[in-house]
Amino acid sequence: MAANILQWFPHTTAPFIANAPMFGFADASLATAVTKAGGFGFIGGGFDFRPESTQLLGLDTQLANARSILGLTDGSPLPLGVGFITFQPDGLIDNAIPILQKHRVGAVWLSFPQADADHLPIIKAIQKAQEIFDWDTKLFVQVGTIKAAEEALKQGVDVLVVQGTDAGGHQWVQGTSLISLLPEVRDLLSKAQDTTTAILAAGGIVDGRGCADGIVMGTRVCLASSRRHGSLLIKYQFVATSECPAPSVIKQTIVSGRDGGTSTVKSIRHDVFQSTDLFPRQYDGRAIIGVSYEDSQDGISDEEIIRRYNAAKEAGEHQRRTVWA
């Protein structure tokens, strides 16, 4: 991994595994068990940061319990973290950060802000507390889109927790699977020549059963051929290749696309617009959001969109064709 996350947390072993800070479920018992097993434990800190918050009172107690379970003295670093839900951040800086600093937690995880920029004052406050109190903690921010990842990188976080729509629990309404999102986040770091920010993957990861004997790809690859790897014959024959008969405008749309979680959408409408609505209703398709879909969102009738599609098709134009990707 690009960043030395195992060096940041020397008690952990490879591969680095953390539990999600699930509020109401991830308590001191779970977090310390994960930490003692060589992972990195997180306690769910909640979302209510008012001075009278019972969630903060409970967090203080949980952190004291964690210190006791691990046999650590007061004032020593606590090798686990706390995660907060931040859509109502009022009071977090004044009321939650002092608890984190008092217990010298090793990491702070922020997730689900109203707007990505809302995390900046929280991050700056934590960084200031680190300087004043000689407190070494790492900042984790959960992201589910490329835009959110870009904002978090600007804010100077230490770890991006990349959550795909394969995840259980709360997530981005408009997103994509981990297998699609993770490569684009890696590209962000590569383009920025960022070798210090770590990436953690979240969403649909269970155990070794997630490994397979081979892979299948359809949309994009850099060549069209086949090769033998051991006993496996891996075939490459995809849309964005010179060998594929798809129109060049469609290939270019695929190659230039980014942030598939927000630039594509699953919908039966893609077939309706081009009169290929033949599939049973338990099936839909993911495609790049194009002119016809935008027309539909603007209230244009299906009949008019189909008429526009047919007119473009007769004129030999491809801008209204559905681009499956």
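1. A polar contact is taken here as a pair of N or O atoms within 3.5 Å; within protein, one atom must be able to donate a hydrogen and the other to accept it, and residues adjacent in sequence count only if both atoms are side-chain atoms. Such a pair is found at the start of helix H2, where a side-chain oxygen of Asp-27 comes to within 3.2 Å of the backbone nitrogen of Ser-29. Helices (H or I, at least four residues) and strands (E, at least two) are DSSP runs, numbered from the N terminus.

2. On the basis of the note: the model is predicted, local features need pLDDT of at least 70, side-chain atom pairs count only at pLDDT 80 or more, and totals for chains, interfaces and linings use all residues. Residues are numbered from 1 along each chain as its sequence is written, and side-chain values use heavy atoms, with hydrogens and water left out.

3. On the overall architecture: the protein chain contains 12 helices and 10 strands, and its C-alpha trace spans about 75 × 55 × 40 Å along the principal axes. Of its 325 residues, 42% count as buried, where buried means under 20% relative accessible area, exposed over 50%, and partly exposed in between (1.4 Å probe, protein chains only). Contact means heavy atoms within 4.5 Å; of the contacts with a separation of 6 or more, 59% are between residues 24 or more positions apart.

4. On the surface: the accessible surface of the protein chain comes to about 17700 Å², and 54% of this belongs to carbon and sulfur atoms. These areas come from the Shrake-Rupley method with a 1.4 Å probe; for residues, only the protein chains shown count as cover. Leu-278, Phe-279 and Tyr-283 make a nonpolar surface patch of about 390 Å². Patches are made of residues with over 30% relative accessible area and no salt bridge, like charges being joined within 9 Å and nonpolar side chains (Val, Leu, Ile, Met, Phe, Trp, Tyr) within 5 Å. Phe-279 belongs to the loop between helix H10 (269-273) and strand E10 (285-288) and is exposed, at a relative accessible area of 53%.

5. On helix H2: within residues 28-36, Ala-28, Ala-31, Thr-32, Val-34 and Thr-35 are buried. Seen down the axis of H2, these buried residues fall within an arc of 155°, so they line one face of the helix; the arc is that of the directions from the helix axis to the C-beta atoms. An α-helix has 3.6 residues a turn, so residues three or four places apart point the same way. The buried residues of H2 pack against strand E1 (41-46), helix H3 (54-70) and strand E2 (78-85). Gly-38, with a positive phi near 100°, follows H2.

6. On two glutamines: Gln-163 lies in strand E5 (residues 159-163) and is buried, with a relative accessible area of 7%. Its side chain makes a polar contact with the side chain of Gln-142 (3.3 Å), and a polar atom of the Gln-163 side chain lies 3.0 Å from the backbone oxygen of His-170. Apart from neighbours within four places in sequence, the contacts of Gln-163 include Val-143, Trp-172, Leu-181 and Ala-202. Gln-88, by contrast, is partly exposed, at 46% relative accessible area, in the loop between E2 and helix H4 (92-103). Not counting residues up to four places away in sequence, Gln-88 touches Phe-47 and Phe-49.

7. On charge pairing: the structure holds 12 salt bridges, each a side-chain nitrogen of Lys or Arg within 4 Å of a carboxyl oxygen of Asp or Glu. One of them joins Asp-48 and Arg-50 (2.8 Å, N to O); Asp-48 counts as buried at 15% relative accessibility, whereas Arg-50 counts as partly exposed at 47%. Another joins Lys-102 and Asp-60 (2.9 Å, N to O). Lys-102 lies in helix H4 and Asp-60 in helix H3, so this pair ties together parts that are 42 residues apart in sequence.

8. On the salt-bridge network: Asp-295 forms a salt bridge with Arg-308, the closest N and O atoms being 3.2 Å apart. This pair links Asp-295 in helix H11 (residues 291-297) to Arg-308 in helix H12 (residues 302-314), 13 residues apart. Salt bridges that share partners join Asp-295, Glu-304, Arg-307, Arg-308 and Arg-320 into one network. Asp-295 counts as buried at 11% relative accessibility, and Arg-308 is partly exposed, with a relative accessible area of 26%.
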